[in-house]
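Let's take a walk through this protein together. Have the sequence and the coordinates open as you read.

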Amino acid sequence: PIAAGIGIEALLAVRCLMGAAESVVLPTVNKLLVNWIPPDRKSLATATIYSGFSMGTISAYLASPVILDNFGWRNLFFIYGAVGSLWLVPWLSLATDTPEEAERKQLGLPVDNVKLVVDKESGKDANSIQAIWRATTVEGAKILNEAPLKEMLKSNGVRAMAIAHAASNWGLYNNLAWSPTFYSEQYGLNVKESALFSILPSIAGATCGILSALVADKFIAEGADLTLIRRIFQGIGLLGPAACLLTLAHDIPEAPIAAQLLLTGSVGFQAFNAAGFGAASQEKAGEKWAGLLYSITSLPGVAFGSIGVYVTGRILDATRQWDLVFGLNGIVNVIAAAYFITFYESKKEFD
């Protein structure tokens, strides 16, 4: 809100900083899952974490209209920022990189190797900003020098993951950005009503993600071919939404509840991603490179999803036709599904 009061440039700068700060979340999560979760539980662990995003979306859709009506849009951002800051308390208190570090922490032994290096090389307080910054930059430079970046970029499996991620984000970002507008323009619903109609898809996403992950992990535990499982579930995660969206493109229903059911189906099928590319980076890379691999597949995904939001806006400005929006989204999913099903392999390549 403060940046918005200064001007559009300041607002965009703050948004960029937010994006940069948030960008470390999923790569970090993937590295933690490599360390903590056995192979036949990775789908469920990934889906459970993804369900947190859905629950956050649900909470925002429920709370935002009330906060806007009673406190205004500026306080909406302050409240959400404060709530997010509260999560730092349990995270900083409980989180560790590995089970071994957790055991050492319980015994009162030092667990942070970065701090020990800082103390030895700089002689400064390990908790000082300068020491933490130095350790982070040194370690970051070392990782980039050793990283198998060329091999990752040449890998068909990595490309398949990136393409699936990109197509998924095209749908996800458009759903988050444009669903309330769709309900408002197509059916004349107000902000609160549009938000309520947007809740059910998020519930379906959280539920279907966990259920599909349970099924995938069961097959993996029983010895099913890992590549086949990832191809099947990612195929469902892309072709399922495509079917729903192409149906909407063919004939947008007159009743909003019918449109909601199709969009709910789209998000529910999309949640199968957790048993597809969502868990893939933990299998194709070891502890050292799992986070980096996810980042490499995520970068084009974020860019493509952002482009999708822009393209949707341009289509609506030019035509006001939602069928074109849904049709394009469906086609993107079909193309990505064909590539992933054809080229993805689960064998570990980067250890």
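Is R320 buried, exposed or partly exposed? With a relative accessible area of 43%, R320 comes out as partly exposed. Keep in mind throughout that we're looking at a predicted model. As for where to find R320, go to the loop between α17 and α18. The backbone there is worth a look: phi of R320 is near 60°, a positive value in a residue that isn't glycine. For context, most residues other than glycine have a negative phi.

Now zoom out to the whole fold. The protein has 18 helices and zero strands. Its radius of gyration is 22 Å, close to the 20 Å that the globule rule gives for 351 residues, so the protein is as compact as a globular protein of that length. If you lay the C-alpha trace along its principal axes, it spans about 70 × 55 × 35 Å.

How do the pieces come together? Take the contacts between residues at least 6 apart in sequence: 79% of them join residues at least 24 apart. On the inside, 42% of the 351 residues count as buried. On the outside, the protein exposes about 18,800 Å², and carbon and sulfur atoms supply 67% of that. As for charge, there are 25 positive and 29 negative side chains, with the centres of the two sets 5 Å apart.

For a covered element, turn to helix α16, residues 277–284. Eight of its eight residues are buried. That list takes in F277, G278, A279 and A280, and it carries on through S281, Q282, E283 and K284. So what do the buried residues of α16 pack against? Their partners are α3 (25–36), α4 (42–71), α11 (156–187), α14 (226–250), α17 (290–319) and α18 (322–343). As an aside on helices in general, an α-helix has 3.6 residues a turn, so residues three or four places apart point the same way.

Next stop is the loop between α11 and α12, where you'll find L189. L189 counts as buried because its relative accessibility is 13%, under the 20% cut-off. Skip its neighbours within four places in sequence, and L189 is in contact with Y183, S184, S194 and F197. There's a longer reach along the chain too: L189 and P256 are 67 residues apart in sequence, yet their C-alpha atoms are 9.3 Å apart in space.

Step on into helix α12, residues 191–197, and you come to E193. E193 is partly exposed, at 35% relative accessible area. Follow the chain from E193 to Y61 and you cover 132 residues, while the C-alpha atoms of the two are separated by 10.0 Å.

Last, the cysteines. How many disulfides does the model have? The count comes to zero. C208 is in no disulfide, and the nearest cysteine sulfur, that of C244, is 10 Å away. Seen from the other side, why doesn't C244 form a bond? The closest cysteine sulfur to that of C244 is the one in C208, and 10 Å is too far for a bond, because a disulfide calls for sulfur atoms within 2.5 Å. The surroundings of these two cysteines can be compared as well: C208 is partly exposed, with a relative accessible area of 27%, whereas C244 counts as buried at 10% relative accessibility.

Methods
Residues are numbered from 1 along each chain as its sequence is written. This is a predicted model: local features need pLDDT of at least 70, side-chain atom pairs count only at pLDDT 80 or more; totals for chains, interfaces and linings use all residues. Side-chain values use heavy atoms; hydrogens and water are left out. Helices (H or I, at least four residues) and strands (E, at least two) are DSSP runs, numbered from the N terminus. The radius of gyration is taken over C-alpha atoms; the globule rule is 2.2 Å times the number of residues to the power 0.38. Buried means under 20% relative accessible area, exposed over 50%, partly exposed in between (1.4 Å probe, protein chains only). Contact means heavy atoms within 4.5 Å. Accessible areas come from the Shrake-Rupley method with a 1.4 Å probe; for residues, only the protein chains shown count as cover. Lys and Arg count as positive and Asp and Glu as negative; His and the chain ends are not counted. The place of a charge is taken as NZ of Lys, CZ of Arg, CG of Asp or CD of Glu.
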